[in-house]
Amino acid sequence: MNDSVLDLRSISKSFQGVQALREVSFDLKAGEVHALLGENGAGKSTLIKVITGAHSPDEGEIRVNGHKVERLDPGMARRLGIAAIYQQPALFADLSVSENIALALEAPAPFRRIRWGGRRAAAARLLRRVGARIDPDAFVCELSMPEQQLVEIARVLGTGARVLIMDEPTASLTPGEVSALQEAIRVLKQDGVGFVYISHRLPEVFELADRITVLRDGTSVGTFHAASLDESDLIRRMVGRDLSAEYPGACKHTGPVRLEVRDVGCVASGVPKVSFQLRSGEIVGLSGLVGAGRTELARVLFGITPPDSGQILVDGNEVRIVSPRSAAAAGICYLPEDRRRHGIVLEMSLLVNISLAIHDKVFPRGWILEDAERRLASRFVGELGIKCAGVEALAGSLSGGNQQKVALARWLAADPKVLILDEPTQGVDVGAKREIHRLIRSLADRGMAVLMISSDLPEVIGMSDRILVMRGGCLMGEFAREEATSDGVMSAALGKGGEAC
Amino acid sequence: MAAPDFFKPRQLLALGTATAPVLVAAMGVTMIILCRQIDISIGSQFALCSVFIGLAAQKGGGPLELVALAMGVGGVMGAVNGVLVAGVGLPSIVVTLATMATWRESLRWWREGEFVRNLPETFQWFGASQMTGQWLVITAGIMVLGCMVMITQFTAGGRFMYAVGSDPEAARLAGIRPMWVTFSVFVSAGALTGLAAVLNAVRFTDVDPKTGTGLEMQAIAAAVVGGVSVAGGRGRVLGVFAGVLLLACVGPGLVFLNLPAQWERAIQGGIILLAVASDGLGGGRPRRLREQHEEKKRR
């Protein structure tokens, strides 16, 4: 394999005892598109960070253009021609295209005269190379998302990149935009640029990739020629493991319908029209790929982006939801995805965080009753097993799993009828994950209806009594507990079979 | 002690009386800063309120009427800020910069710099003796301070201010209405500024329409020295009290130590810098720029 521009051999990397990568080998030839696939948490991001020099591997060796690299750091990776492009282009929105490109190309010299003509010409040349028809004088904020991505590709090409890593470049693109991007990739392949391509959209992967490497739980399942596989093979290799054993059991008995959603839509957040029901005692998993509209739907139901059409019924009564406050008053609570940002107030104590949403209930007169508040917090600290120095501890000082429990405790204190959980175990370690799973089940057993959004397929299948699958803002499939298989859910999420929304 | 005269009761009483209006105004500004906003228009609000109560006193308004009038006028001016900041969503620094100029200029256009004179006997010191009047002013200041301590520490409303200042979005998701909280805070600050104007005006026999220039800076400085984080969500009212006292003592302190008085501003500036560097006397956790920067990146 002497023609490899990039060659990773037996890379291992662990973080605080968690093995993120175990003896993973990966190589990339010039002019090749090598797809890297795997579930969330399979180790894709870690591998990319090793390639770009952000993480140094514990073991294994890295060769670039056939030469062994001892200590790869981000600066060196850049000099060796390795560049990464992420979902969100990292451009300066208020500068022009040519300025953005020039910033990467020109050596920094604060008082040097700028040759605007030269800048523009260089930018135009690079843009032509990626086949983009973009005015170098246009401002980045005026460009569409794929145009911005093309600008970013042009920029990294200008620095002489030979290895381009693309992490979910098409997640936020429309089909037409995707083909424009693919066209650019094909052109650059001719020039001998190698691509590491990460995407959850399998049809796209098959269209572009020459080879595919599948990661699972930090190990490489294997590298395959794209032509030798079909989608179901690939899905089996990505998921392939026994799932349900470690999850709490199914719902004992489902009660009456607690939440009914009829044709609810919100144009602004890309949820056209959704209808479903949640029953008391039931955990319903909401599956789908990143960008399928799951979080958007939850935000509509909780009134963050209020619905502009349809009806929402809680316990059979229609409720009007215009803000999170009205949603909470109607008995719908939402545990947001990014808990550090939205779920809790990091700078406030655990005590305050727990009682924040229910001030009207515990302090009917507006005065804070410290004893009542302390009792309430202590009760939840005990009930949920929150590990903390005391109820006065700042929420920001807790570990991820415990922060999540505090966020959960806040809504439990509000005693909701419907609980919407968005990625409740993201970034939480295994032990805490189990506890949170058990907790969710016990809440459902108490009569709440739970809607759980999760990208973790085993979790969705293991926890849910019913699974709804979303794609492109619409519900595209429903699975009962018995009939849910990871292949089936994944296929529905990926849109295999091709039916459009 | 270097200057025993400084601690004579009469001097302290005068100092306290002169400081009480600043304290009351600083309380309002503190609430606003806790909500991650700023108000630099309170100096102009203060002047406008002062003129209003002067004119009302000429017409024979009693003390309680004057207080109600001043707090009402201040509240309305605060509401203008509140609507523009919370309702329309404009940056508070710009909004209050605009209202600061607007109030001040309309006052100049209206009064043409003319003092409000010929105030009735009953106006100065609420018609009481100087000593009683001074005590009244100080007591009012202390009562406002006490109320603020109660509000910030023991009411849900105070809690909401801290929550909104720490993270408006997280607060909104917890069912709090940040717009409403922000609006109320601007209105309350305006009303407190009106009250401060009364406490200040009764010290004199006439009303200077140029009064209150720089009051906003005194109030903000006191809040910052007292440990209120300009990034919102952190700080204590008692810290601000300490800040007000500390800054107020600089001027008289210099006089009694027979040092040149022009050093007052410089020393106050130094205190502010020191306070910001150690992130306040009021016991806030130190938060360095780098930390804030990292937090921003994470978001």
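This is a short tour of a predicted model, moving from a sheet in chain A to the contact between chains A and B.

Begin by selecting the strands of chain A that make up an open sheet, where four strands follow one another in the order β2-β1-β4-β5 and the pairing is antiparallel. As general background, strands of a sheet pair through backbone hydrogen bonds, either parallel or antiparallel. Colour β2 (18–29) and β5 (67–69) of chain A next, since these are the edge strands, each pairing on one side only. If you look at how the strands are set against one another, neighbouring strands of this sheet are turned by 25° on average, with direction ignored.

Now zoom in on β4 of chain A, residues 59–64, which pairs with β5(A) in the antiparallel sense over three bridges. Showing side chains here lets you find A:Arg63, which stands opposite A:Lys68 in β5(A).

Then add helix α1 of chain A, residues 44–51, to the selection: this helix lies across β1 (4–15) and β2 of chain A, and runs at about 60° to β2(A).

Finally, display both chains together and select their contact, in which 20 residues of chain B meet 19 residues of chain A. On the chain B side, α6 (156–166) and α7 (168–173) each supply at least two of the residues that touch chain A, and α6(B) gives the most, with six residues. Colouring this side of chain B by residue type should show eight nonpolar, five polar and seven charged residues.

Definitions and conventions. Residues are numbered from 1 along each chain as its sequence is written. Chains are lettered from A and ligands numbered from 1 in the order in which they are written. This is a predicted model: local features need pLDDT of at least 70, side-chain atom pairs count only at pLDDT 80 or more; totals for chains, interfaces and linings use all residues. Two residues are in contact if their C-beta atoms, placed from the backbone, lie within 7 Å. Ala, Val, Leu, Ile, Met, Phe, Trp, Tyr, Cys and Pro count as nonpolar, Asp, Glu, Lys and Arg as charged, and the others, Gly among them, as polar. Two strands pair if DSSP finds at least two bridges between them. Axes are lines fitted to C-alpha atoms, for helices over the stretch in contact, and angles run from 0 to 180 degrees between N-to-C directions.
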